[in-house]
Amino acid sequence: MMTSSLADLSRALAERRLSSVELTQAVLERIARINPTLNAFVTIDAEHALADARAADARRAGGEAGPLNGIPIAHKDVLMTAGLRTTCGSRMLENFVAPYDAHVVAGLKRAGTVLIGKTNMDEFAMGSSNETSYFGTVKNPWNVACVPGGSSGGSAAAVAARLVPGATGTDTGGSIRQPAAFSGITGLKPTYGICSRYGLIAFASSLDQAGAFGQTAEDCALLLNAMAGHDPRDSTSLDRPAEDYTRLLRARGSPHDGAQPLAQLRIGLPNEYFGAGSDPDVAAALDTALAEFRRLGAKIVNVALPNVNLSVPVYYVIAPAEASSNLSRFDGVRYGHRAAKYDDLADMYKKSRAEGFGAEVKRRILVGTYVLSHGYYDAYYLKAQQVRRLIADDFRRAYEKCDVIMGPTAPSTAFRFGAMTGDPVQMYLNDIFTTAANLTGAPAMSIPCGFDRSGLPIGLQIQGDYFAEAQILDVAHRYQQATDWHQRSPALNV
Amino acid sequence: MTISLDDVHRIAHLARIEIDATEAEEVRAKLDAIFGLINELNAIDTAGVVPMAHAQDVALPLREDRVTETDRHRLYQGVAPAVEDGLYLVPKVIE
């Protein structure tokens, strides 16, 4: 049961082969056994989860159950959950109980999901390895000496270890896709503005976007259906007609039937994603995956993204600049940590923030403060926004020649704890393939496409044009129907 | 070198984060490495390029000018470090 995908569990619940209470009890039992090894969860709420499950079973008995009714899920601890501790992986919010639900949390609650708990993460979503969490590192379920990726590492590890069938994440520079790749699961970052940021504790407001983790593209589509939608409480939430993101997955008839379901698809391959610097096992797995897409009927076309290699330096101006502004709200007055001893108000701010934030968060606040400080705005922030435009223009031109863009999600597989903690720049370059989709705001996902020589999973990134979620989910789904990488799960000898 | 120790102390003050003398050099070295990465942008010709402020070029929505929020100050102040009579308590700033 626990190795079933979210979509399969949904069918089992619908056919009354399983109750939500039975499923939730099995989930809680498995978490109790395995989470002490992985540290994927910061908070587990068994009592409320079982109450949610009983309510879900009652709704189903009453004939009011959608596809997510009774499905246990976990939320990344950056999303506010009313009445439940929301830490953002930080000492700053160690004891913060959220006064309201994030928009995406409320949407998934309305859809009938069972909230199991909150997942560990890099502090304030700043990191690519989950090593910056105040609550300790999360272990990669495939090899506990390795990182699960970050910043949504707890959600990714929880789904990979089959602790929960689905989870939320947020993605500011790759924080859903890179941990999905490192943990061997499917993760989707939607178009900026599809999921409201209301109640998502802000890191970089022009880049932050909530998304979903599951075993499959179908799982992510089901979760996105409940997370998307216009919300006037977020001024950047887009007011568009509602979409069913599973619609292409369920479509029957040409071109989706037969041996070549992707016969109309043009896959763009940017040379920039296939140069030196990627691990040879990652490159080999990508080649095999592209051969499979060709077999499914897709055509491969070369595209150029000449400025995409500037994504990381652009990102490390824009994201810290926005973070330095957003995190100024943590002043020890209205919420969060306040130092025990201080001389005056200014000293209280400085000591509260020095004690409440970890080293990486402080570094990014300082970088952001510097680039926004008097006399530097044009040289850094404005310049970065101009290069951001050049990168977006590259993608616009590429999509004149192709429908989706593929490449590796990350240049390597999961690395060992401590391998990059002394060198922030090397850690940042792990996001080389993922940050562009945040700068442009377009959707992107990572799906499992193989393993390296030491048995660690490899991720394939599928990027689409604005609002192409349904299309990239469909492309991933057709691949997953022809392969079984997404069904592999770690052995976990605990 | 882009970042000096004076820069570290100046921006730490602007950001209201206490950094003591023993940490300052390590912070400086790491920030300097990060600016080494960021400074790659200097080589790019961006003359005439319109800055891209946001992922979606949409106008900010306006709403009617009427009260829609209910008073939830008790709920919100429930998570504050120090509150009295509906007011946030901070150290005395005026003698």
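This is a selection-by-selection tour of a predicted model, through a helix pair, a sheet and a chain interface.

Residues are numbered from 1 along each chain as its sequence is written, and chains are lettered from A, with ligands numbered from 1, in the order in which they are written. Because the model is predicted, local features need pLDDT of at least 70 and side-chain atom pairs count only at pLDDT 80 or more, while totals for chains, interfaces and linings use all residues.

**Stop 1: two helices**

Select residues 20-38 of chain A, helix α2, and residues 46-61 of chain A, helix α3. Helices (H or I, at least four residues) and strands (E, at least two) are DSSP runs, numbered from the N terminus. The two axes come within 8 Å and cross at roughly 160°; axes are lines fitted to C-alpha atoms, for helices over the stretch in contact, and angles run from 0 to 180 degrees between N-to-C directions. α2(A) and α3(A) are therefore roughly antiparallel, the word for angles over 145 degrees (under 35 is roughly parallel, 65 to 115 roughly perpendicular, the rest oblique).

Now show the side chains. A:Ser20, A:Val21, A:Thr24 and A:Leu28 of α2(A) meet a set in α3(A) that includes A:Ala49, A:Leu50, A:Ala53 and A:Arg54. Contact here requires C-beta atoms, placed from the backbone, within 7 Å. By class, this contact has 7 nonpolar, 2 polar and 2 charged residues (nonpolar: Ala, Val, Leu, Ile, Met, Phe, Trp, Tyr, Cys and Pro; charged: Asp, Glu, Lys and Arg; polar: the others, Gly among them).

**Stop 2: the sheet**

Switch to the strands of chain A. An open, mixed sheet of 11 strands runs in the order β1-β3-β2-β4-β6-β5-β10-β11-β9-β7-β8. Two strands pair if DSSP finds at least two bridges between them. The edge strands, each pairing on one side only, are β1 (41-44) and β8 (299-303) of chain A. On average, neighbouring strands are turned by 30° against each other, direction ignored.

Select 72-76 and 114-119 of chain A: β2 and β3 pair in the parallel sense over 5 bridges, with A:Ile73 opposite A:Leu115. Then add helix α5 (153-160) of chain A, which packs on the sheet and touches strands including β4 (166-170) and β6 (210-214) of chain A. The direction of α5 makes about 160° with that of β4(A).

**Stop 3: strand β4**

In β4(A), 5 of its 5 residues are buried (20 or more other C-beta atoms within 10 Å of its own; 12 or fewer is exposed, in between partly exposed; C-beta atoms are placed from the backbone). A:Gly166, A:Thr168 and A:Thr170 lie on one side, A:Ala167 and A:Gly169 on the other. β2(A) joins β4(A) in parallel through 2 bridges, where A:Ala74 partners A:Ala167. β6(A) pairs with β4(A) in the antiparallel sense over 5 bridges; there, A:Ala167 has A:Phe213 as its bridge partner.

**Stop 4: strand β9**

Move to 404-408 of chain A: 5 of the 5 residues of β9 are buried, so this strand is largely enclosed by the rest of the structure. β7 (266-270) of chain A runs parallel to β9(A), joined by 2 bridges. β11 (457-464) of chain A pairs with β9(A) in the antiparallel sense over 5 bridges, and A:Met406 stands opposite A:Ile462.

**Stop 5: the interface**

Finally, show chain B. Here 55 residues of chain A are in contact with 38 residues of chain B. α13(A) gives the largest share of the chain A side, 11 residues. By class, that side has 32 nonpolar, 12 polar and 11 charged residues.

Technical notes. Contact = placed C-beta atoms within 7 Å.
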